[in-house]
Amino acid sequence: MRRATALLLIFTLLIFLQISCTKEDQKVLIEVDPSHLRNGSTSIYALYDEKGKSVYTFRDNVFINPDNILIIRELTEQDNEEILRAKLDSRLLSPIQLQIVKSESQTETPHFLGEKKGKSYVITEWDENQNPSYKKIYVGSEQFFEDELLLHLMSCFPLKVGVGGKFKYVNTRKKSSGYEYYKVVGTENIIAANNKYESIKVEIPGNNCTAWFLKDSPHILLKAKFQSLELQLTAWNNI
């Protein structure tokens with residue numbers, strides 16, 4: 001009886017240590033709520049320069065899978081078409097794998113590939129002759145976000161007035177990483193996609209960016225202003 005009790009205590013202690021180590025191994029900087037990413041959600045954006053001329057447009061599509069979240073971005077820029085596919089950790093929203101491909105004549109040419117491998121994020125870039133080069137970025141055990149998808153993923157950040165935080169990012173295309181801060185500074189009524197919305201205003205100083213998100217869930221991005229560019233939501237399927 002005593003031996004059984006001792007074994008039970010040891011087993012319980014091992015479980016406790018395993019849970020503790022798991023929490024320690026995963027350094028969460030931002031407590032995200034992935035439920036704001038809805039399966040089947042589609043949103044379309046246009047980026048304008050300071051003269052009001054369209055620079056490019058893109059469509060974001062969200063798919064919720066049993067063990068990951070997939071975001072597919074289809075970008076159109078004059079004669080250039082590009083597809084970004086991001087497979088994200090369903091809890092932390094960190095990228096597991098990210099592909100950027102050129103879409104030409106109904107074929108896809110690989111351009112960038114980012115993959116989380118151990119404690120590194122490994123980026124492969126192919127040149128015009130399809131010769132690969134590699135860059136390894138150490139990310140350790142910290143949660144991190146893909147920079148190009150940041151404004152989409154911020155819909156899952158805590159978005160209450162006065163709240164802010166520090167987060168780690170990786171930019172696959174630029175092969176760079178670092179830390180950034182955001183702060184929720186207020187609420188405003190704005191026009192987006194020909195509708196009036198109550199929004200949450202967020203500042204991201206390092207990007208010289210001010211962004212407005214829908215106040216109610218799913219907190220979709222409505223508009224973002226940069227130094228000389230403005231991103232606007234033009235259509236959304238309300239999912």
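This report describes the fold, the strand pairing, the aromatic rings and the charged pairs of one protein chain.

The structure is a predicted model, in which local features need pLDDT of at least 70 and side-chain atom pairs count only at pLDDT 80 or more, while totals for chains, interfaces and linings use all residues. Residues are numbered from 1 along each chain as its sequence is written, and side-chain values use heavy atoms, with hydrogens and water left out.

**Overall composition**

The chain contains two helices and 15 strands. Both kinds of element are DSSP runs numbered from the N terminus, helices being H or I runs of at least four residues and strands E runs of at least two. Of the 239 residues, 41% are buried; this term means under 20% relative accessible area, whereas exposed means over 50% and partly exposed lies in between (1.4 Å probe, protein chains only). The accessible surface is about 13600 Å², and carbon and sulfur atoms account for 50% of that area. Such areas come from the Shrake-Rupley method with a 1.4 Å probe, and for residues only the protein chains shown count as cover.

**Strand pairing**

Two strands are said to pair if DSSP finds at least two bridges between them. Strand 15 (residues 229–236) pairs with strand 1 (residues 42–49) in the antiparallel sense over seven bridges, and Ile44 has Ala235 of strand 15 as its bridge partner. Strand 15 also pairs with strand 14 (residues 221–225), again in the antiparallel sense, over three bridges. Strands 14 and 15 form a hairpin with three residues between them, and Ala224 stands opposite Leu231 of strand 15.

**Aromatic rings**

Rings of Phe, Tyr and Trp (its six-membered ring) pair if their centres lie within 6.5 Å; planes under 30 degrees apart count as stacked, over 60 as edge-to-face and the rest as tilted. By this rule there are seven aromatic pairs. One of them is the edge-to-face pair of Tyr121 and Phe144, with 5.6 Å centre to centre and 70° between the planes. Tyr121 lies in strand 7 (residues 120–126) and Phe144 in the loop between strand 8 (132–138) and strand 9 (145–146), so the pair ties together parts that are 23 residues apart in sequence. Both Tyr121 and Phe144 are buried. Elsewhere, Phe145, Phe157, Phe167 and Tyr182 form one aromatic cluster.

**Salt bridges**

Side chains of opposite charge can pair when their charged atoms come close. A salt bridge is defined here as a side-chain nitrogen of Lys or Arg within 4 Å of a carboxyl oxygen of Asp or Glu. The structure holds nine salt bridges, among them the three in the table.

| Acidic residue | Basic residue | N to O distance |
|---|---|---|
| Glu82 | Arg173 | 2.7 Å |
| Glu115 | Lys117 | 3.7 Å |
| Glu125 | Lys175 | 2.7 Å |

Glu125 belongs to strand 7 and Lys175 to the loop between strand 10 and strand 11, so their pair ties together parts that are 50 residues apart in sequence. Glu125 is partly exposed at 22% relative accessibility, and Lys175 is partly exposed at 26%. Salt bridges that share partners join Glu82, Lys102, Glu148 and Arg173 into one network. Within this network, Glu82 counts as buried because its relative accessibility is 6%, whereas Arg173 counts as partly exposed at 27%.
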